[in-house]
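Me: I'd like to go through this structure with you and ask how each label is earned. Here it is.

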Amino acid sequence: MVRIIASMISAVLLSVLCLSKTEAKARYTAPLNYNSILFRQDTDDTSKKKLDTIILADRRSQVKGIMDSLNARLSALNPHVSVQQMLKGKIAGLYVQETSGEPGSEQSMIIRGLSAPVFSKNDIYRLQPMVYLNGIPMIQENAYVFDIQKYDYNRIGPATNLLSSIDISNINSIEVIKDPAALAKLGPNAANGAIWITTKAAKSGYRDLSVNTYFGMVQASNIQTVNAQYENIFRKPFYQKYASQSDYLNYVGYLRDSTNLDYYGPAKWSDLYAKNHAIYSADLGLTGGSEKANFRFFGSATQNAGNSDDTKLNRYAASFQINMAPFSWVTVSSMVNASRLDRDRNRNLRDRFAETRYIPDLYNPISPSKTAYQSLLNEYDKAIDDNRTTMVQGYLSLKFDLKPVNFISTFNFDYNEGVRDVFYPTTLMAGNNYVSNYFGYNQRFMINNAVNYTKHFNRDHQIYFEAGQSIQDDLHKYGYANAYNGPNDFIKINVVEGDKKKDKYLIPVGYLVYRYNDKIHNRLFSVYGSAKYSYKDLFTFSALVRDDGSSSSQPGSRWFIAPAFSASWSLKNQFLKANNWVDKLNMDASWSRIGKLFSDDRFAAGPQYRSNSGWALEPTIPGYNGIATISRPYSSGWVGYDIKSPYTDQLNVGFDGSFFKNRLGASVTYYIKDDKRMLLNSPISAETGFASQFSTGLAVRNTGIDLGIQGHILTGRDFGWTSGLGFNFNKNTLKSLPNGLNELIIGDRKLKVGEAIDRFWIYENQGIYNADAEVPINPATNQRLTFEGTTLKAGDPRWKDINGDFTINSDDKVLKGNSMPKLTGSWSNEFRYGNFKLNVDIIYAVGQKALNQSAALQYDFINREAANDINSVREVFSWQVNADVSKYPTYNPWSSVVPYRLEQDLFLENASYAKLRTVSLGYDLSKTALFKNKTAIKRAYLYVTGNNLLTVTSFSGSDPELIEYNGLYTGYGLSIPKTYTLGIKVDL
Amino acid sequence: MRSIFKINIRFNKGLLILLVAISGLHFSCKKMLDIESSRLSNEDTHWSSLQDTRSGLMASYSLMRSAMAENNAHWLWGELRNGDFTASSRSDLKVIINQNLKASFPLVQKLTSWRAFYAVINSASLFIERAAEVRATDIRYTEPNFRADLAQARALRAFAYFYMVRIWGDVPLITASHDGTFEDKPKTDQSKVLAYAETELITAAKDLPYVYGAEGDEILPGSYYGYGVDRWRGALFTKISAYAVLAHIAAWQSHYIDVSVYTDFIMTNYAKANIAYSTTSQLTASDGIFNGQSYSQVISFGFNDVYGESTANGHIEQLVLASPLISKQTPDLYVSKDSIASVFTDLNDQRFGLDTISGLPRTNYFVNFTGEIPVFSKIKVLRGGSTNGNFAIYSSNILFTRLEELVLLRAEALAVLGQRQDAITLLNTIKKNRGVKTINDGTGKDLISEIFAERRRELMGEGWRWYDLIRYHKIQNNNPAFMNLIQQKGIYWPIAKEVLNANSKLEQNNYWR
């Protein structure tokens with residue numbers, strides 16, 4: 001804590017020192033305004049309420065798209081814990097990937113399509129939009145931890161979704177900002193889009209008390225378990241058809257003995273694995289005070305749970321706001337939020353081995369028997385797996401209203417720290433125990449200053465200027481130690497010598513310890529100026545220019561100047577003033593260029609030297625002969641000079657209007673999003689020694705349409721029906737590759753200019769060769785078709801020889817399918833009958849495909865079991881009916897062409913889905929006779945909600961949402977549970 | 001309209017002031033954006049002090065270690081093709097043993113990439129080009145130290161080329177770092193590559209000491225980078241190491257006269273480097289020559305547990321150890337009982353034979369001989385030489401060569417050159433050390449076969465078998481199938497597709513096309 005305070009003070013001092021000049025100079029500049037940083041109001045309209053002392057809430061809204069804002073009132077009826085869950089499917093153009101139902105695990109959001117290809121998990125971090133909480137850009141995790149990881153399934157540390165810290169009951173509105181000019185005002189932070197969350201605000205008046213609570217349960221999913229007999233029968237045809245005598249001799253041990261009850265007995269593991277769990281939440285909000293000084297307090301406690309593997313998330317959150325107006329021209333506003341997240345994680349073996357980087361012998365997998373699984377769980381009781389994330393964020397804001405000039409200064413801070421303590425006893429780790437401790441934090445300080453000036457010339461013309469400047473300081477840091485093979489299972493911590501006088505002071509006693517530290521420090525300095533001109537109520541035009549300097553860019557190209565323009569034209573007022581059925585009709589156009597930031601500091605340095613002692617499977621060898629090594633970054637990739645900032649050019653053209661006395665609202669936006677000059681870690685000739693080089697010049701275009709229609713279809717006194725339909729159609733295209741290349745192969749992906757970047761690169765499977773004679777013969781050489789030189793035989797797949805050269809190799813792979821959906825959206829309905837309300841939400845995503853790795857591994861059992869690597873791990877949940885056996889041909893699993901290789905369209909499946917996500921029925925008690933006379937109660941709303949009730953899909957895996965970022969279905973995502981809650985909301 | 005015009009003028013003034021203000025801000029906050037990264041060292045600061053040469057040189061060694069260790073490549077290249085090991089169930093190992101190297105297993109793809117060796121070459125070249133900068137700026141960087149460093153970098157680079165030639169034959173010869181201005185190069189004939197390596201090694205050998213960190217050493221007196229002799233034992237290239245590589249380069253090209261010259265130097269001078277023969281127990285103990293540091297490790301790349309360098313991957317143990325030594329049930333690779341019986345013919349052989357008193361098989365090289373699958377346990381350095389098999393991480397060094405290997409190489413050269421008696425003396429030295437009956441010369445005695453049979457026994461699991469087979473068949477010239485493989489260049493490995501894709505001037509090796 002001392003460190004936090006110290007660094008806060010130093011940051012303040014630093015910025016003040018740096019600012020003193022700024023302010024002095026700013027006095028002579030054209031006064032502009034920062035405070036109209038775009039703020040879009042929720043449909044739950046608070047803008048009609050009296051404006052109060054709060055600074056942040058007086059940003060006026062200008063909602064453009066109908067589907068750009070989340071209805072917070074309806075969302076609060078769901079037990080969602082993360083921002084991603086709240087927004088999933090609800091906003092046209094925002095695609096949420098919830099790849100696991102494990103509560104509090106990391107989730108991804110993509111606004112308007114992928115702007116860069118995703119090869120590994122850390123690529124997805126770079127594509128995330130910025131989330132603003134009352135104007136604070138919330139700092140997220142940095143992908144740098146993957147540098148020391150062998151496997152990227154989970155990041156080290158608690159790996160908790162930092163956006164699951166905000167309680168929906170404290171949220172007034174969530175806007176997804178997609179307008180290019182609005183994003184330009186937010187700057188490089190918002191280059192991937194922005195999500196603007198506004199909490200409920202402090203306001204004056206007699207004290208307001210609101211209490212919300214719900215209680216409910218997640219339902220265990222119905223698992224069709226199997227035992228070894230099923231596996232035995234599954235393998236039988238392969239052995240009958242292809243096995244040699246020695247293959248029979250090598251038949252896996254755990255399937256050999258059919259009298260072994262562990263494997264061949266009843267498979268009741270699911271009783272312990274999949275369970276119903278309780279979830280609950282209670283919160284309290286208190287608002288009150290005078291016009292001169294008012295406050296808001298909010299506190300909540302929430303428990304969320306998954307339905308598998310005893311996963312759980314506990315959250316405690318508190319928020320406090322104070323606004324003061326000591327003089328009529330000065331307003332002071334402040335907020336402090338604190339939250340704590342405790343997470344019970346899954347107990348997958350894979351995730352455990354990946355964390356420990358140690359794979360024991362996997363010859364005998366975990367058995368499907370309940371007793372065997374129970375004894376494993378008993379060992380887990382001796383383990384420690386604590387994951388705690390603590391967060392504090394807040395702001396202090398000053399506003400001076402010196403009409404017609406306003407000056408606003410804001411200090412934001414955001415700090416979060418994650419702690420993970422792990423101990424696995426010897427019984428879980430093949431006779432070897434394991435301890436790891438992680439402490440990492442991310443902190444951001446930011447100072448914004450802005451002035452604005454409004455000038456009316458006459459009734460028709462108005463000009464508004466603003467200028468602003470901000471400094472942002474980001475620090476990511478962690479310390480991590482893992483330790484193996486301690487003396488016994490009673491000492492669960494890494495003990496070090498505590499005697500200062502001894503030579504071995506602080507040297508570990510007992511365990512074999514490895515330690516890692518890393519730190520990334522970035523700063524961003526921005527200035528901008530903008531002007532807006534409006535003519536009557538017909539036309540507005542605004543322009544902005546900004547200059548951003550980032551410490552993570554190379555010194556020569558540190559500053560990036562970018563303009564933005566937008567225009568809005570009221571067609572209604574221009575042409576249709578007399579028209580009765582058009583209430584509003586606007587046309588907007590907006591264009592901006594925004595520089596993008598590097599999250600890694602390596603690019604600023606240019607050619608560099610790094611520690612590089614290990615290799616892919618052993619990334620963390622400390623040195624050679626005990627001496628640190630520093631070399632060119634051969635394995636991570638060459639970084640040269642002339643790396644310029646990537647940027648994004650975005651164009652929007654949209655119409656929105658409302659018709660028939662506002663009973664029908666519609667908005668349509670066409671966009672082009674060009675992400676240019678991006679870096680790609682691309683191949684370089686191996687003779688340089690480098691595995692790859694970072695070259696600039698990757699460009700990706702996303703085009704699409706966001707559409708929203710909302711209609712009040714029935715508006716009777718007793719019965720009403722409102723329906724909203726939103727969707728986004730998006731298409732991405734690779735526009736260029738570095739060095740003018742036309743195509744590039746990176747790992748098992750191929751990028752081709754003109755094609756989409758999320759395509760799978762796979763062989764086309766056309767069946768099976770039943771006999772050697774069926775394999776085609778090359779008339780030129782009289783040799784049979786080969787797979788990369790190995791002659792195909794009976795039992796091998798009939799892969800399509802695209803180029804007809806009688807050799808199947810990567811030249812015969814084709815780009816097929818997309819991992820991202822083409823169409824996403826939702827259909828929401830609200831029915832009202834008397835005091836009852838019924839909400840029904842359906843979300844859908846169409847056009848995406850997935851490679852079923854789970855099935856590929858099941859069929860490739862020969863290679864999988866022999867490899868004894870991370871893919872060989874067999875989890876307890878693999879003892880269930882998985883793949884559709886009839887779908888796949890019976891190939892020779894011993895064949896050296898690896899017939900069940902993943903990269904073929906045999907495993908490519910359509911992962912489109914539609915889900916009945918929410919059904920909620922509520923009853924407004926306050927309107928009943930019971931409460932009618934009790935004026936103290938303003939509102940009392942009782943409701944029941946069911947979530948994730950129904951999925952319509954043709955996907956063969958358990959759930960088409962549980963697909964990894966790269967389009968692979970691994971079977972590892974925990975099921976997204978059906979939940980049922982009963983809740984009440986009371987406002988006093 | 002007029003009012004708007006006026007405003008424009010005023011606005012322009014404002015804009016001017018704004019621009020001035022912005023440029024002022026840039027100036028005042030420019031420093032703020034200079035953040036020194038703690039994760040890397042950049043060109044401005046690197047190559048200025050002793051630490052930079054030390055860490056740079058060690059990096060070249062560690063890159064060489066990675067090139068050999070990644071995917072356990074040293075053994076997969078050296079031991080499997082046509083070798084003594086059998087794969088229990090892994091198909092990717094089976095195809096290598098059967099020399100079906102076109103097979104498309106990920107492992108085979110990785111083994112056919114030479115990228116890691118060029119990382120050694122690039123880093124050594126860069127060191128050779130830049131170390132002089134440190135010599136100019138840091139007075140602690142003495143001339144002998146500088147020269148010894150350059151010599152090591154040269155020797156490592158030459159060693160990397162030799163290693164690559166054994167695997168791929170012709171490889172592109174690149175002798176400068178081309179730092180940042182890379183261009184694609186075609187393959188160079190292997191004789192040119194080896195000639196270059198030979199010249200480099202001869203140059204390097206002059207400046208290489210016998211021992212690092214020794215007080216009063218002729219070539220490199222005093223501590224080396226602040227450490228004494230104990231720290232550097234077996235870790236770095238010595239003069240003997242350079243001659244060992246020279247001898248092997250000559251042997252690979254069948255220049256046996258050169259081999260005898262180079263090995264003669266080794267035999268005369270090995271004592272100066274404190275090198276000694278290893279006893280059978282030193283050879284096979286878990287804390288023997290494969291663990292930690294020893295002068296007798298003539299060329300060795302260490303994974304010293306003392307320094308936290310033990311790993312799970314990168315050791316032959318990962319492939320061959322199993323129960324009862326570790327908890328793994330079946331080893332990935334094993335030497336079948338039939339092979340063991342045919343290789344170890346002398347019952348008194350300490351490495352493997354039958355104990356004359358108890359009648360039980362000796363367990364130095366193999367344990368679980370009575371079981372279905374014997375476990376090759378010659379090298380079994382569990383974490384720092386312990387015997388705790390619960391935690392299967394290993395500290396064994398990649399021991400490229402040791403005195404016994406060089407003695408047998410010399411014996412081979414002498415035998416080829418017709419100096420049979422000297423060859424037999426050397427061979428018998430090794431045999432005696434292992435408790436095996438010595439041999440005498442006689443008419444019709446196939447001395448070459450005797451020497452290679454001894455190499456097979458002595459060096460089993462040290463990554464020599466495949467190259468020994470090549471030399472053996474070249475000398476004997478009596479196996480048409482193998483000679484055909486040599487002539488067709490099938491003894492080399494194919495080049496990985498990604499390597500070919502990235503450099504248009506390369507072509508796949510003919511045999512594997």
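Me: To start, which residue in S1(B) does Gln608(A) stand opposite?

Reply: Gln608(A) faces Asn42(B). Keep in mind that this is a predicted model.

Me: What makes S21(A) and S1(B) count as paired strands?

Reply: The cut-off is at least two bridges. Two bridges join S21(A) to strand S1 (residues 41-42) of chain B, so the pair qualifies. The two strands run antiparallel.

Me: How many residues of chain A are in contact with chain B, and where do they come from?

Reply: On the chain A side there are 87 residues, touching 85 residues of chain B. Among the elements giving two or more residues to that side are helix H1 (2-26), strand S16 (461-484), strand S17 (512-535) and strand S21 (608-609) of chain A. The largest share, nine residues, comes from S17(A). By class, that side of chain A has 41 nonpolar, 31 polar and 15 charged residues.

Me: Over in chain B, why are H8(B) and H10(B) called roughly antiparallel?

Reply: Helix H8 (residues 190-207) and helix H10 (residues 239-252) of chain B pack at an angle of about 160°. Angles over 145 degrees count as roughly antiparallel, so this pair gets the label. Their axes are 9 Å apart, and the crossing is left-handed.

Me: Which residues make that contact between H8(B) and H10(B)?

Reply: From H8(B) they include Leu194(B), Ala197(B) and Leu201(B), and from H10(B) they include Tyr243(B), Leu246(B) and Ile249(B). The contact divides into ten nonpolar, no polar and two charged residues. Glu198(B) of H8(B) and Lys239(B) of H10(B) are among the contact residues, and Glu and Lys count as charged.

Me: And what makes H2(B) roughly antiparallel to H6(B)?

Reply: Helix H2 (residues 50-69) and helix H6 (residues 115-137) of chain B cross at roughly 165°, with axes that come within 9 Å. That angle makes H2(B) roughly antiparallel to H6(B), and this crossing is left-handed. Leu57(B), Leu63(B) and Met64(B) are among the H2(B) residues that meet H6(B), where the residues include Phe117(B), Val120(B) and Phe127(B). This contact has 14 nonpolar, five polar and one charged residue.

Me: Back to chain A: how do you know that its radius of gyration agrees with a compact globule?

Reply: With 988 residues, a compact globule would have a radius of gyration near 30 Å, and chain A has 30 Å, so the two agree. The C-alpha atoms of chain A fill a box of roughly 95 × 75 × 70 Å along the principal axes. Chain A has 17 helices and 45 strands.

Me: Which strands does S26(A) pair with, and in what sense?

Reply: Strand S26 (residues 719-736) of chain A pairs in the antiparallel sense with strand S25 (residues 693-715) of chain A over 16 bridges. A hairpin joins S25(A) to S26(A) through three residues, and Asn702(A) has Asn732(A) as its bridge partner. S26(A) also pairs in the antiparallel sense with strand S38 (residues 823-833) of chain A, over eleven bridges. There, Leu725(A) stands opposite Trp827(A).

Me: Last one: in the open sheet S34-S33-S36 (chain A), why are S34 and S36 placed at the edges?

Reply: The three strands have mixed pairing. Strand S34 (790-791) and strand S36 (807-808) of chain A each have a single partner strand, so one side of each is left without a neighbour in the sheet. Strand S33 (residues 786-787) of chain A is joined to S34(A) by two bridges and runs antiparallel to S34(A); one of the bridge partners is Thr791(A), matched with Thr786(A).

Notes
Residues are numbered from 1 along each chain as its sequence is written. Chains are lettered from A and ligands numbered from 1 in the order in which they are written. This is a predicted model: local features need pLDDT of at least 70, side-chain atom pairs count only at pLDDT 80 or more; totals for chains, interfaces and linings use all residues. Helices (H or I, at least four residues) and strands (E, at least two) are DSSP runs, numbered from the N terminus. Axes are lines fitted to C-alpha atoms, for helices over the stretch in contact, and angles run from 0 to 180 degrees between N-to-C directions. Angles under 35 degrees count as roughly parallel, over 145 as roughly antiparallel, 65 to 115 as roughly perpendicular and the rest as oblique. A crossing is left-handed if the near helix is turned anticlockwise from the far one by less than a right angle, and right-handed if clockwise. Two residues are in contact if their C-beta atoms, placed from the backbone, lie within 7 Å. The radius of gyration is taken over C-alpha atoms; the globule rule is 2.2 Å times the number of residues to the power 0.38.
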